[in-house]
Amino acid sequence: MANSSYEKPDFWSQKAFKEGYPARSVYKLQEIDEKFGMIKKNYRVLDLGAAPGSWTTFLLRTMEGTGKVVSCDLNPLSKNVKGDNLVFIQGDLNDAEIRASIKAEGPFDLVVCDAAPLTTGNKVVDTARSRGLVKMAVWYAQTMLRQGGNFAVKIFQNGDQQEILKDMRTIFTSAKGFKPVACRAESFETYLIGLSKK
């Protein structure tokens with residue numbers, strides 16, 4: 001018998017497979033969009049830490065071939081993730097050349113980031129790494145979102161989310177935490193949402 005839900009495909013993993021998504025994480029973005037109305041047709045969207053491509057696929061399907069999705073990750077997207085309005089940039093999001101390539105595709109209406117660090121099993125280390133990714137994503141949102149644009153980023157709980165939300169409130173009209181139902185019960189991940197960039 002499996003000791004945790006990570007050892008066997010759960011409801012969300014099976015649903016993702018049936019619906020043609022590379023990973024179960026897609027339903028977290030779907031729930032965020034249903035609650036906050038973040039994705040619109042003709043939007044220019046930046047998906048940070050996009051591989052294997054579930055969020056990118058959901059964005060492409062929701063926007064129905066309109067607008068543009070710019071996805072970036074160190075790793076390639078799954079080979080079936082494609083679209084005429086998809087631009088994929090492979091590389092390190094902290095690299096100046098990659099940042100310049102992404103900026104050239106903007107400004108963006110929405111920035112999303114479901115990136116997670118390589119986990120060690122040490123909660124303190126993993127949380128610190130997650131915080132670093134979140135701060136990087138906030139930099140992208142602050143630098144590359146148009147006025148009125150929205151933002152969603154994953155963070156490991158206890159990763160200074162209150163401090164980061166405080167910073168986000170200087171950038172956005174509203175900033176709040178949100179934990180989708182599709183997060184695993186034992187997971188300590190949650191999401192920070194920034195609405196309407198000032």
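What follows is a walk through one chain, from its overall makeup to a central strand and then to its salt bridges. The model is predicted.

Start with the whole chain. It holds 6 helices and 7 strands. Read along the sequence, their order is α-α-β-α-β-β-α-β-α-β-α-β-β. The chain has 198 residues, and 50% of them are buried. Its accessible surface comes to about 9800 Å². Carbon and sulfur atoms account for 50% of that area. Now take the contacts between residues at least 6 apart in sequence. Of these, 64% join residues at least 24 apart.

Strand S1 is a good place to enter the fold. S1 spans residues 44–48. Of its 5 residues, 4 are buried. S1 is therefore largely enclosed by the rest of the structure. Which strands pair with S1? One is S2, joined to S1 by 5 bridges. The two strands run parallel. Within this pairing, Arg44 stands opposite Lys68 in S2. Strand S4, residues 108–113, also pairs with S1. Here there are 4 bridges, and the strands again run parallel. Leu46 has Val111 in S4 as its bridge partner.

The path from S1 to S2 passes through a helix. S1, H3 and S2 make a β-α-β unit, and the unit is right-handed. Helix H3 covers residues 54–63, and S2 covers 68–73.

Next come the charged side chains. The whole structure contains 8 salt bridges. One of them joins Glu64 to Lys41, with the closest N and O atoms 2.5 Å apart. Where do the two residues sit? Glu64 lies in the loop between H3 and S2, while Lys41 lies in the loop between helix H2 (26–36) and S1. The partners are 23 residues apart, and the pair links distant parts of the chain. Glu64 is exposed, at a relative accessible area of 54%. Lys41 is partly exposed, at 47%. The cut-off matters for these labels: exposed means over 50%.

A second salt bridge ties Arg131 to Asp160, with 3.6 Å from N to O. Arg131 belongs to helix H5, residues 123–144. Asp160 is in the loop between strand S5 (145–156) and helix H6 (161–171). This pair too links distant parts of the chain, 29 residues apart. Are the side chains' residues buried or exposed? Arg131 counts as partly exposed, with 23% relative accessibility. Asp160 also counts as partly exposed, at 31%. Buried would require a value under 20%.

A third salt bridge connects helix to helix. Glu163 and Lys135 meet at 3.9 Å, N to O. Glu163 is in H6 and Lys135 is in H5, 28 residues apart. Glu163 has a relative accessibility of 41% and counts as partly exposed. Lys135 is partly exposed as well, with a relative accessible area of 41%. H5 thus holds one partner in each of two salt bridges: Arg131 pairs with Asp160, and Lys135 pairs with Glu163.

Salt bridges also join up into a network. Lys28, Asp114, Lys154 and Glu189 are its linked members.

Put the pieces together. S1 is largely enclosed by the rest of the structure, with S2 and S4 as parallel partners. The Glu64–Lys41 bridge joins the loop after H3 to the loop before S1. Further along the chain, the Glu163–Lys135 bridge links H6 to H5.

Technical notes. Residues are numbered from 1 along each chain as its sequence is written. This is a predicted model: local features need pLDDT of at least 70, side-chain atom pairs count only at pLDDT 80 or more; totals for chains, interfaces and linings use all residues. Side-chain values use heavy atoms; hydrogens and water are left out. Buried means under 20% relative accessible area, exposed over 50%, partly exposed in between (1.4 Å probe, protein chains only). Contact means heavy atoms within 4.5 Å. Accessible areas come from the Shrake-Rupley method with a 1.4 Å probe; for residues, only the protein chains shown count as cover. A salt bridge is a side-chain nitrogen of Lys or Arg within 4 Å of a carboxyl oxygen of Asp or Glu. Two strands pair if DSSP finds at least two bridges between them. A crossover is right-handed if, with the strands pointing away from the viewer, the path from the first strand over the helix to the second runs clockwise.
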